[in-house]
Amino acid sequence: MSVRVRRVYEPPEPGDGVRVLVDRLWPRGLSKDAARVDEWPKGLTPSAELRRWYHAGEGSYEEFAGRYEAELDAPEAADLLARLRETAGEKDVTLLTASKTPETSHAAVLARLLEAGQR
């Protein structure tokens, strides 16, 4: 099965599989019908403090990824990640984010962790 990251504003594609919004807030200006989101596990998102720190440019993507992975060890996030990992083992999964740079966002960290869990 495959895991990929896409911007939520891009139109859905047949190969998306299970579409999972991994942002805490609903994307501005996008209707729920247009987004076609299957799951929205808000507990998988980085903390507000970590998001502010990263978006303020105070650290590198690598440092952000490490801090975010540490947050994913918390019980609720770990449970949600395990469930998403199970889904990704059975079906294609597309992680959706409003980030303008999805390749350096928390969604990319999640994709890497999910792909590593499939091996």
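**Close-up views of a pocket and salt bridges**

**View 1. Lining of the largest pocket.** Helix H2 (residues 48–55) gives the largest share of the lining of the largest pocket, five residues. The model is predicted. The volume of the largest pocket is about 570 Å³. Its lining is made up of 25 residues, of which Asp 23, Arg 51, His 55, Ala 98 and Ser 99 are the closest to the pocket centre. Sorted by class, the lining has ten nonpolar, eight polar and seven charged residues.

**View 2. Salt bridge between Glu 63 and Arg 67 in helix H3.** The structure holds nine salt bridges, and one of them pairs Glu 63 with Arg 67. The closest N and O atoms of Glu 63 and Arg 67 are 3.0 Å apart. Both residues belong to helix H3 (residues 61–71) and lie four residues apart, so about one helical turn separates Glu 63 from Arg 67. Side chains of opposite charge can pair when their charged atoms come close. Glu 63 is partly exposed, its relative accessible area being 36%. Arg 67 is also partly exposed, with a value of 38%.

**View 3. Salt bridge between Arg 112 and Glu 69.** A salt bridge joins the side chains of Arg 112 and Glu 69, with an N to O distance of 2.5 Å. This pair links distant parts of the chain, as Arg 112 is in helix H5 (residues 106–117) and Glu 69 in helix H3, 43 residues apart. Arg 112 has a relative accessibility of 39% and counts as partly exposed. Glu 69, at 26%, counts as partly exposed too. Partly exposed residues fall between the buried limit, under 20% relative accessible area, and the exposed limit, over 50%, so the values for Arg 112 and Glu 69 both lie in this middle range.

**View 4. Salt-bridge network that includes Arg 19 and Asp 16.** Arg 4, Arg 6, Glu 10, Glu 13, Asp 16 and Arg 19 are joined into one network by salt bridges that share partners. Within this network, Arg 19 forms a salt bridge with Asp 16. The closest N and O atoms of Arg 19 and Asp 16 are 2.4 Å apart. Arg 19 and Asp 16 are both buried, whereas Glu 63 in View 2 is partly exposed.

Definitions and conventions:
Residues are numbered from 1 along each chain as its sequence is written. This is a predicted model: local features need pLDDT of at least 70, side-chain atom pairs count only at pLDDT 80 or more; totals for chains, interfaces and linings use all residues. Side-chain values use heavy atoms; hydrogens and water are left out. A salt bridge is a side-chain nitrogen of Lys or Arg within 4 Å of a carboxyl oxygen of Asp or Glu. Buried means under 20% relative accessible area, exposed over 50%, partly exposed in between (1.4 Å probe, protein chains only). Helices (H or I, at least four residues) and strands (E, at least two) are DSSP runs, numbered from the N terminus. On a 1 Å grid over the protein atoms alone, a cavity is a set of points where a 1.4 Å probe fits but cannot get out, and a pocket is an open set with protein on both sides within 12 Å along at least five of seven lines; lining residues have an atom within 4 Å of a point. Grid points are joined across faces, edges and corners, and a volume is the space filled by probe spheres set on the points. Ala, Val, Leu, Ile, Met, Phe, Trp, Tyr, Cys and Pro count as nonpolar, Asp, Glu, Lys and Arg as charged, and the others, Gly among them, as polar.
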